[in-house]
Amino acid sequence: MDINERQAEKLNPGITEGEFRAILEKYGTIEGEGEILEQILKTENGYEIPVKEIWGGPLLKESENPGGDETPSEPLNLKVGDYIRYNVTYTDIYTGYEFTAENGWRVLNPGTDNGNGTVTGLKIISTEIPAGLCYDADFIKNRENNGLFGNWAGNVEQREKYANDYYTSGSIDNENMYASAGLRYNFGKIKFSQGVKAKANEGYYTKVNEKISGELAEGEFLQGGGEEVHNLTLAELNQARGVNDLSSIKSVSLKDGADGLFYLRGLEKYGYDSSSKPYYWLAFPDNIRATHLECMQYIGETLATNYRTCGIRPVVSLPSDFKVEESGE
């Protein structure tokens, strides 16, 4: 729902602050102190607009909301690792375990509870590994200008943005930066073909949303209502673990909480055992070697490599009007 739609509604004379904030954050960032109506909206295209000029009506407390789709509900109290019902199914490429909408997705970033069954900034991550990617550093640069093979490598603007957001040292003009930015911003351009093997800088899958032939489209992972998908970054992993140094590549374990979410060996109930030994890529370059990406091993340790087929962990960002349903897992 947008501002104009809300203003046109005759049955609801106002909106709650949580709902109003969620709408504004679609267009930029809210900055300032005091009540939200005293703050400034800085839009993505550089405009600064006083919030009180956008909404002249009342802002209701959650308990005063008169009803409709925004009826106040009990706080969701989401935490990292909680299972969320999300209507995308898939088969894990390592174990063959089939994940449903009930157990295939878990909370990565709990976001901010809007008090009406929705959350602003909620991100979820696949429980296990729905697809794999064969990364070949020797050819990744070719992907920037070669649309025939997916064109998923990050271009110069994306590499600069990636370095600014996630990585503060090293050149942006090397193979691992092409790949890291591509995994973060060009996930939908990676070519994933159905099968058991992947070619250099291409991927594969077993089954996603009952799809068992052809190539995956970005929309397959957004089918459940998501608005954006990318591969897990090291910064997101560490933020979820509560690690202050978002560039740390120290090993993870069950002590990080969220049982088995990152330490995949902890997911025995889903078929992992000592013979599975899965790996998954992190959208993060090795900070020493220019041609190596970091991947996470099933035992919770990182490994730097310039050629390997490892799993992909899709991170899906959900819109602020997504009605959250916790699953029974």
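Let's start with the cysteines: a search through the whole structure turns up zero disulfides, where a disulfide is a pair of cysteine sulfur atoms within 2.5 Å. C295 is in no disulfide, and the nearest cysteine sulfur, that of C310, is 3.8 Å away. Seen from the other side, C310 is in no disulfide either, with the sulfur of C295 as its nearest cysteine sulfur at 3.8 Å. C295 is buried, at a relative accessible area of 0%, and C310 is buried with a value of 0% too. Buried here means under 20% relative accessible area, exposed means over 50%, and partly exposed is what falls in between, using a 1.4 Å probe and protein chains only.

A quick word on what you're looking at. This is a predicted model, in which local features need pLDDT of at least 70 and side-chain atom pairs count only at pLDDT 80 or more, while totals for chains, interfaces and linings use all residues. Residues are numbered from 1 along each chain as its sequence is written, and side-chain values use heavy atoms, with hydrogens and water left out.

Now find helix α5, residues 175-185. (Helices are DSSP runs of H or I with at least four residues, strands are runs of E with at least two, and both are numbered from the N terminus.) Ten of the eleven residues in α5 are buried, so the helix is largely enclosed by the rest of the structure. Among those buried residues are M177, Y178, A181, L183 and R184. What do the buried residues of α5 pack against? Their partners are α4 (156-166) and the strands β12 (131-136), β15 (228-231), β16 (279-285), β17 (293-297) and β19 (307-312).

Take α4 from that list. It packs with α5 at an angle of about 85°, and the two axes are 9 Å apart. Axes are lines fitted to C-alpha atoms, for helices over the stretch in contact, and angles run from 0 to 180 degrees between N-to-C directions. The two helices are therefore roughly perpendicular to each other, given that angles of 65 to 115 degrees count as roughly perpendicular, under 35 as roughly parallel, over 145 as roughly antiparallel and the rest as oblique. On the α4 side, the contact (heavy atoms within 4.5 Å) includes Q158, R159, Y162 and Y166, while α5 brings residues including M177, Y178, A181 and Y185.

L183 of α5 turns up again in the largest nonpolar core. A nonpolar core is a set of buried Ala, Val, Leu, Ile, Met, Phe, Trp, Tyr and Cys residues joined through side-chain atoms within 4.5 Å. This one has 73 residues, and L183, Y280 and W281 touch the most other members. The largest share of the core, six residues, comes from β16. Apart from it lies another core, of six residues, among them F20, L24, I30 and L41.

Next come the charged pairs. Side chains of opposite charge can pair when their charged atoms come close. How many salt bridges does a search of the whole structure find? There are 13, each being a side-chain nitrogen of Lys or Arg within 4 Å of a carboxyl oxygen of Asp or Glu. One of them brings us back to α5: E228 and R184 meet with N and O 3.3 Å apart. That pair links distant parts of the chain, with E228 in strand β15 and R184 in helix α5, 44 residues apart. E228 is partly exposed at 25% relative accessibility, whereas R184 counts as buried at 14%.

Another pair is E236 with K123, at 2.9 Å from N to O. E236 lies in helix α6 and K123 in strand β11 (residues 123-126), so this bridge ties together parts that are 113 residues apart in sequence. E236 is buried, at 6%. Then there's K42 with E48, whose closest N and O atoms are 3.7 Å apart. K42 is partly exposed at 31%, and E48 is exposed at 54%. E31, K42 and E48 are linked in a network of salt bridges.

Finally, two loop residues. T89 sits in the loop between β5 (59-60) and β6 (90-91), and is buried at 19%. Leaving out residues up to four places away in sequence, T89 touches F99, T100, A101, K207, V208, N209 and E210. Y263 is in the loop between α6 (234-241) and β16. The C-alpha atoms of Y263 and V252 are 6.2 Å apart, though the two residues are eleven places apart along the chain. Beyond its neighbours within four places in sequence, Y263 has contacts including V252, L254, Y298 and G300.
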